[in-house]
Amino acid sequence: MNEQVRRQPDGCRRPLSEAYDTALLDLDGVVYAGGQALAHAVESLTRARDGGMHLAYVTNNAARTPQAVADQLSGFGLPTGPDDVITSAQAVARLISEQVPASARVLAIGGEGLWVALRERGLEPVRSADDDPAAVVQGFDPMLDWGRLAEAAYAVQRGVPWFASNTDLTIPKERGIAPGNGALVEVVRSAAGGTPQVAGKPQPPMHRETVLRTGARRPLVIGDRLDTDIEGAYNGEVDSLLVLTGVTTPAELLAAVPQHRPAYVDEDLRGLLAPQPEVTADGGGFRCGGWRAEAAGDALDVTGEGTPLDGLRALCAAAWTAAGDGSCGAESRKVLERIGM
């Protein structure tokens, strides 16, 4: 476990696409939202890849197969093969295979991606708690109905080992934020009690699966969620870039606890292609670009001018330093308005 308490975002004099060999990219909220590519994503990733960076797409969404994800990315203009996609279904299938006999039956509550991943590990997916499964696993499926959740609850009540691909409570879609697999796990928990073993981000099995499949030596995790992407990077002791194209707000970033503090923060994936500005200590405050931020008691203050992102980076340094290994409780709305966020 990484015990470092990050006090401020890092600077990097080289473009991140040159400083790291592999980008471990989340999908929803980073590359696309639902079925639409996000602004600047395709052109930024194309330039990073053309410059020699390996792109690997790492998703907690267990519903689809790696081939289906690769086909979607290729359709956006990002040529991608299934080996470039790592899913939480693959991570949880490996985790289960290490704990049950070969060819064991597994009650699979999820989409095609989960069933394919289980079969790749030599396991037999089944549909009923009465099929004598050695394990029950939940993965996201947008078409899941009550009956499937009930089967999971029956199995868990009988003491069958319980696994989950991931526990993200929400998932970004074109029309807004929708319930994720974690919400479905909570439905089963409310009926059956207990706690599943979880493989997906931010848990170590997902990071292990990613490194095994990509061979990354100096990876950079890129995500939009503090509690999955950034915490997963922290647990794996690798650097991370938070992009503000998904669920995390600037106010949530300022209040981040140590395991949720990224090495870098940028507006979108264009941040891969540029150096990251340095944040420097200045007396009792911190400077980035033309901004100076300081925490005084329960208040944050910022002065100067410049880009909103530089102001946010300076504010992160002030807030995180003041919070130490906790969370900054200062009111941030007014200072964020002052920097244009």
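**View 1. Gly297 sits in the loop between strand S18 (291-296) and strand S19 (299-304).** This is a predicted model, as are the views that follow. Gly297 is exposed, and its relative accessible area is 71%. To get your bearings, look for Gly284: the two glycines are 13 residues apart in sequence, and their C-alpha atoms lie 12 Å apart in space.

**View 2. The largest nonpolar core of the model has 33 residues.** Which residues touch the most other members? They are Leu25, Val31, Leu45, Tyr57, Ile222 and Leu269. At least two residues of this core come from each of helix H1 (16-19), strand S1 (22-25), strand S2 (32-33), helix H2 (41-50), strand S4 (54-59), helix H3 (66-75), strand S13 (219-223) and strand S14 (239-243). With four residues, H2 gives the most to this core.

**View 3. Here is Leu269 of the largest nonpolar core with its contacts.** Setting aside neighbours within four places in sequence, Leu269 is in contact with Leu25, Val30, Val31, Ala41, Ser44, Leu45, Ile222 and Val243. A second, separate core has 29 residues, among them Leu226, Ile230, Val265 and Ala314.

**View 4. Helix H4 (residues 88-97) crosses helix H8 (residues 204-214).** The two axes come within 9 Å, and the crossing angle is roughly 105 degrees. H4 is therefore roughly perpendicular to H8. On the H4 side, the residues that take part are Ser88, Gln90, Ala91, Arg94 and Leu95. Their partners in H8 are Pro205, Met206, Arg208, Glu209, Leu212 and Arg213. What classes of residue make up this contact? It has five nonpolar, two polar and four charged residues.

**View 5. Lys201 and Pro202 are joined by a cis peptide bond.** Omega is about 10 degrees at this bond. You will find Pro202 in the loop between strand S12 (197-198) and H8.

**View 6. Helix H6 (residues 146-157) is shown with the elements that its buried residues pack against.** H6 has 12 residues, and the distance from its first C-alpha to its last is 16 Å, close to the 16 Å expected at 1.5 Å a residue. Which residues of H6 are buried? They are Arg148, Leu149, Ala150, Glu151, Ala152, Ala153, Ala155 and Val156. The buried residues pack against strand S6 (105-109), strand S7 (124-126), strand S8 (135-138), strand S9 (162-164) and helix H7 (181-192).

**View 7. Pro125 belongs to strand S7.** Is Pro125 buried or exposed? Its relative accessible area is 9%, so Pro125 is buried. Not counting residues up to four places away in sequence, Pro125 touches Val106, Ala108, Trp115, Leu118 and Arg119. Leu107 is a handy landmark here: Pro125 and Leu107 are 18 residues apart in sequence, with 5.8 Å between their C-alpha atoms.

**View 8. Ser103 and Glu237 each have a positive phi, although neither is a glycine.** Phi is near 65 degrees for Ser103 and about 60 degrees for Glu237. Where do they sit? Ser103 is in the loop between H4 and S6, and Glu237 is in the loop between helix H9 (226-236) and S14. Ser103 counts as exposed because its relative accessibility is 52%. Glu237 also counts as exposed, at 51% relative accessibility.

**View 9. Glu18 is placed in helix H1.** Its relative accessibility is 49%, so Glu18 counts as partly exposed. Try tracing from Glu18 to Gly51: the two are 33 residues apart in sequence, and 7.5 Å apart in space from C-alpha to C-alpha.

**View 10. Arg225 lies in the loop between S13 and H9.** How does this arginine count, as buried or exposed? At 9% relative accessibility, Arg225 counts as buried. Leaving aside neighbours within four places in sequence, Arg225 is in contact with Asp168, Leu169, Thr170, Ile230, Leu242, Val247 and Thr248. One of these contacts, Ile230, is also a member of the second nonpolar core. Arg225 and Ala108, in contrast, are 27 Å apart from C-alpha to C-alpha and 117 residues apart in sequence.

Technical notes
Residues numbered from 1 in each chain as written. Predicted model: local features only at pLDDT ≥ 70, side-chain atom pairs only at ≥ 80, totals over all residues. Heavy atoms only, no water. Core = buried A, V, L, I, M, F, W, Y, C linked by side-chain atoms within 4.5 Å. Buried < 20%, exposed > 50% of the residue type's maximum accessible area, 1.4 Å probe, protein only. Contact = heavy atoms within 4.5 Å. Axes fitted to C-alpha atoms, helices over the stretch in contact; angles between N-to-C directions. Parallel < 35°, antiparallel > 145°, perpendicular 65-115°, else oblique. Nonpolar A, V, L, I, M, F, W, Y, C, P; charged D, E, K, R; others polar. Expected span 1.5 Å × (residues − 1).
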